[in-house]
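Subject: Structure handover and notes

Hello,

Please find the structure below, as agreed. My notes come after it.

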Amino acid sequence: MPSTARISKLLVANRGEIACRVIRTAQRLGIETVSVYSDADRNALHVRLASEAFRIGPAPASQSYLRADRLIDVAKRSGAQAIHPGYGFLSENTEFAELCASSGVTFIGPPANAIRDMGIKNTSKEIMERAGVPVIAGYHGNNQEPQFLLEQARKIGFPVMIKAIRGGGGKGMRIARSEAEFRTQLDSARREALKSFGNDDVLLEQCIEQPRHVEVQVFGDQYGNYLYFFERDCSVQRRHQKVIEEAPAPGISPETRVQLGEAACRAAAAVGYVGAGTVEFIMDAKEKFFFMEMNTRLQVEHPVSEMVTGVDLVELQIRVAEGQPLPMRQDQVRLSGHAFEARIYAEDTPAGFLPTAGRVSHLCAPAAEAGAVRVDSGVRSGDDIGVFYDPMIAKLIVWGPDRPAALQRLCAALRDYQICGPPTNRDFLLALAGHPEFAAGRVHTGFIEQHRDRLLASPPPGPRELALAALGLFLLRRQAARQATVGLADFRLNHAHREAVHFRLGDGPGSKDAHLVVEASPDGLLTVHGGGEAEALRVRARLLPPDERGRRRVVIEEAEAAQADSGSRLSGFDLFLEADGSALSLFLGDRQHLLQVAPPKWRSAVSGAAAGSGSGVRAPMPGVIEKVLVSPGQAVKEGEPLVTLIAMKMEYVVKAPQAGSVAKVLFAEGQTVAKNAELVQFEAASS
């Protein structure tokens with residue numbers, strides 16, 4: 001029997017951009033909203049947007065956002081009739097859906113049995129086979145003995161995909177390319193699955209080389225009606241997690257598009273699905289597709305489907321949860337244009353996409369354009385990216401009348417995006433969107449690895465970039481000095497003013513210093529010497545006041561040697577100086593160059609002496625010590641694991657750089673460490 005009850009107050013049981021996105025739609029519908037927060041999110045944007053906000057615990061998700069009992073308590077205390085789980089956390093948790101039902105709170109998602117059937121991958125495969133949905137060959141049984149699984153892998157044939165049966169978001173997923181590495185990959189997948197889902201059972205599947213990841217947005221109501229809102233291509237991934245998604249999938253024939261949609265609706269109907277869901281398929285080069293899994297929630301990438309159909313999927317979720325029927329027929333769902341979504345992460349891309357953390361000191365997003373450019377984010381300037389949650393900063397979504405137009409708009413919006421503080425993947429996204437193979441739509445799940453050298457290239461700033469950075473820093477300093485001395489600074493009667501600028505390039509022992517001199521003549525000509533440039537840069541330039549979005553721009557009004565690489569004259573550039581003057585970001589074309597402003601030599605000497613050279617093994621990223629695997633005095637071999645580090649859902653094993661012995665372990669399990677923190681003092685074996 002369908003349940004019909006108008007929702008007037010909604011609890012959003014999530015954080016970050018998805019919480020903000022749900023809150024905004026609810027508010028547009030006149031629904032009061034309730035947010036929840038951990039101690040780390042006390043001042044977060046989603047807390048500010050909601051009508052009410054309740055603390056639910058400390059920063060770790062296991063003590064806050066994953067506490068179903070506390071969420072139900074907040075719903076009852078606030079009078080919320082419904083809970084929207086967003087994605088991640090408890091969005092696909094059967095027990096939470098059942099708890100909501102038994103507590104008289106509407107769960108905005110599918111019924112618990114659908115979550116259970118689709119959440120356990122081996123069960124879902126069996127259901128799909130009975131429903132006539134194509135399924136890839138593999139082992140989906142209950143025998144989890146490692147030796148038995150190895151035998152099944154041999155039957156399937158290497159390479160094989162190992163997947164956690166309760167997995168999602170790339171967690172608990174590994175590829176074993178040979179029998180020799182099968183056990184290592186199996187153990188790794190199980191450890192990650194146990195941490196992420198509380199269950200380490202896996203299934204095995206044939207691994208299709210260079211496949212496409214194509215998924216279909218489906219919707220069901222309480223009356224047995226089903227719709228599909230076309231497909232999305234999510235093939236471009238790193239660490240099995242999506243980076244750029246698009247709708248519709250490029251190059252798909254109209255016939256395949258219909259077949260995908262109908263198969264997805266059969267999948268949803270097979271489990272009595274209600275609400276928004278995504279049926280994921282793997283597709284080969286001949287457009288033959290196989291069921292992978294169903295995500296029983298709203299997907300991160302749902303905005304691209306909204307952009308090409310004009311349907312607010314969150315509003316539809318709420319209406320269906322209220323017991324309303326789907327408001328349209330399949331032939332009324334129209335596909336219009338093309339859309340992309342780029343996920344902007346705090347991560348060190350050249351270091352292998354390692355998550356980063358820190359305070360966002362400057363954030364300037366592209367201007368929103370209705371139906372054309374949209375930014376979904378829960379992060380503002382001054383917010384901290386911590387180690388407890390996913391490091392996503394924002395989702396940039398664009399639309400165009402066709403794929404080339406949408407891609408052009410995506411590149412323009414990425415160039416317009418400025419984020420300072422923790423390193424981000426902005427430049428990587430620009431390189432990816434600008435790659436000729438991506439532009440041609442020739443995408444597959446191994447795309448990033450195939451084009452790794454080009455996509456991850458991160459050359460240091462050259463002489464031209466150094467000269468422009470020195471020019472910008474000089475203008476910023478001159479402006480600050482003038483403001484401090486009421487216009488008397490920089491006054492030199494008939495003399496040029498000279499100022500030295502020093503940048504430090506890179507971190508650690510391999511870092512280098514760049515020394516430049518900026519000279520300002522009485523007639524306003526600025527000359528930059530040094531930085532490896534044979535010819536000095538001579539320009540007349542001025543620093544503009546911050547615009548309405550906080551951008552600082554240097555306008556070059558006249559130049560003798562400020563030519564862009566293409567030969568066209570450079571008109572200006574944007575820049576941002578950290579409040580303490582320690583770092584300068586130069587935004588030039590498709591690159592954001594980060595330059596450390598070198599301190600005086602006396603300060604470097606003091607800090608260097610205090611820090612010491614050290615011989616320890618250091619943290620490659622900020623995170624939490626999950627496991628210490630060694631003890632003082634223990635002899636280790638080269639490559640032997642020392643410490644397991646967890647950051648933003650990612651496991652990283654820190655290994656011995658060479659054979660030797662452990663002198664001292666500096667952190668205990670459960671402690672938080674910063675990037676480059678010394679974890680283990682290590683003594684190399686004598687040769």
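What follows covers the domains, one interface, the salt bridges, one histidine and the backbone exceptions.

Please keep in mind throughout that this is a predicted model.

Domains

The assignment divides the chain into domains 1 to 6. Domain 1 covers 9-108, domain 3 covers 137-206, domain 4 covers 337-457 and domain 6 covers 616-682. Two domains are assigned in two segments: domain 2 takes 115-130 and 210-323, and domain 5 takes 463-484 and 493-604. Domain 3 thus falls between the two segments of domain 2 in sequence.

Domain 3 against domain 6

I looked at this pair in some detail. The centres of domain 3 and domain 6, taken over C-alpha atoms, are 26 Å apart. In the contact, domain 3 supplies 4 residues and domain 6 supplies 6 residues. The two domains bury about 390 Å² between them, and carbon and sulfur atoms account for 40% of that area. On the side of domain 3, the residues that lose the most area to domain 6 are K171, E192 and K195, which together make up 80% of what that side buries.

Helix α8 (residues 182-197) gives the largest share of the domain 3 side, with 3 residues. By residue class, that side has 4 charged residues, no nonpolar ones and no polar ones. What does the interface hold in the way of salt bridges? The count between domain 3 and domain 6 is 0. The rule for polar contacts, with both residues at pLDDT 80 or more, also returns 0 residue pairs across this interface. To put the two results together: the side of domain 3 that touches domain 6 is made of charged residues, yet there are 0 salt bridges between the two domains.

Salt bridges

Over the whole structure, the search finds 53 salt bridges. Three pairs and one network are described here.

K163 and E205 form a salt bridge through their side chains, at 3.1 Å from N to O. K163 belongs to strand β7 (residues 160-168) and E205 to strand β9 (residues 202-206), and the two residues are 42 apart in the chain. Both K163 and E205 are buried.

R238 pairs with E347, with 2.8 Å between the closest N and O atoms. R238 is in strand β11 (residues 226-238) and E347 is in strand β16 (residues 347-348), so this salt bridge ties together parts that lie 109 residues apart in sequence. Are these two residues buried or exposed? R238 has a relative accessibility of 4% and therefore counts as buried. E347 counts as buried as well, at 2%. By the domain bounds, R238 falls in domain 2 and E347 in domain 4.

R477 and E499 also meet in a salt bridge, at 3.1 Å from N to O. Here the residues are 22 apart in sequence, R477 lying in helix α17 (residues 463-484) and E499 in strand β24 (residues 497-505). R477 is partly exposed, its relative accessible area being 32%.

Besides these pairs, a network of salt bridges links R21, R28, E306, D312, E315, R374 and D376.

H302

H302 is located in helix α10 (residues 302-309). Its relative accessible area is 0%, so H302 is buried. Leaving aside residues up to four places away in sequence, H302 touches I18, R21, Q217, R232, L313, V314, R374 and K395. Two of these contacts, R21 and R374, are also members of the salt-bridge network.

Backbone exceptions

Most peptide bonds are trans, and most residues other than glycine have a negative phi. The following places depart from that.

The bond joining F158 and P159 is a cis peptide, with omega about 0 degrees. P159 sits in the loop between α7 (146-156) and β7. A second cis peptide bond runs from A247 to P248, where omega is near -5 degrees. P248 is in the loop between β12 (241-247) and α9 (254-270).

As for phi, F230 has a positive value of about 70 degrees although it is not a glycine. F230 is part of strand β11 and is buried, with a relative accessible area of 11%. E287 likewise has a positive phi, near 65 degrees. E287 is found in the loop between β13 (275-283) and β14 (289-295).

Regards

How values were computed:
Residues numbered from 1 in each chain as written. Heavy atoms only, no water. Domains from an automatic or database assignment. Contact = heavy atoms within 4.5 Å. Buried area = accessible area lost by both parts, 1.4 Å probe. Salt bridge = Lys/Arg side-chain N within 4 Å of Asp/Glu carboxyl O. Polar contact = N/O pair within 3.5 Å; in protein donor to acceptor, adjacent residues only side chain to side chain. Helix = DSSP H or I, 4+ residues; strand = E, 2+ residues; numbered from the N terminus. Nonpolar A, V, L, I, M, F, W, Y, C, P; charged D, E, K, R; others polar. Buried < 20%, exposed > 50% of the residue type's maximum accessible area, 1.4 Å probe, protein only.
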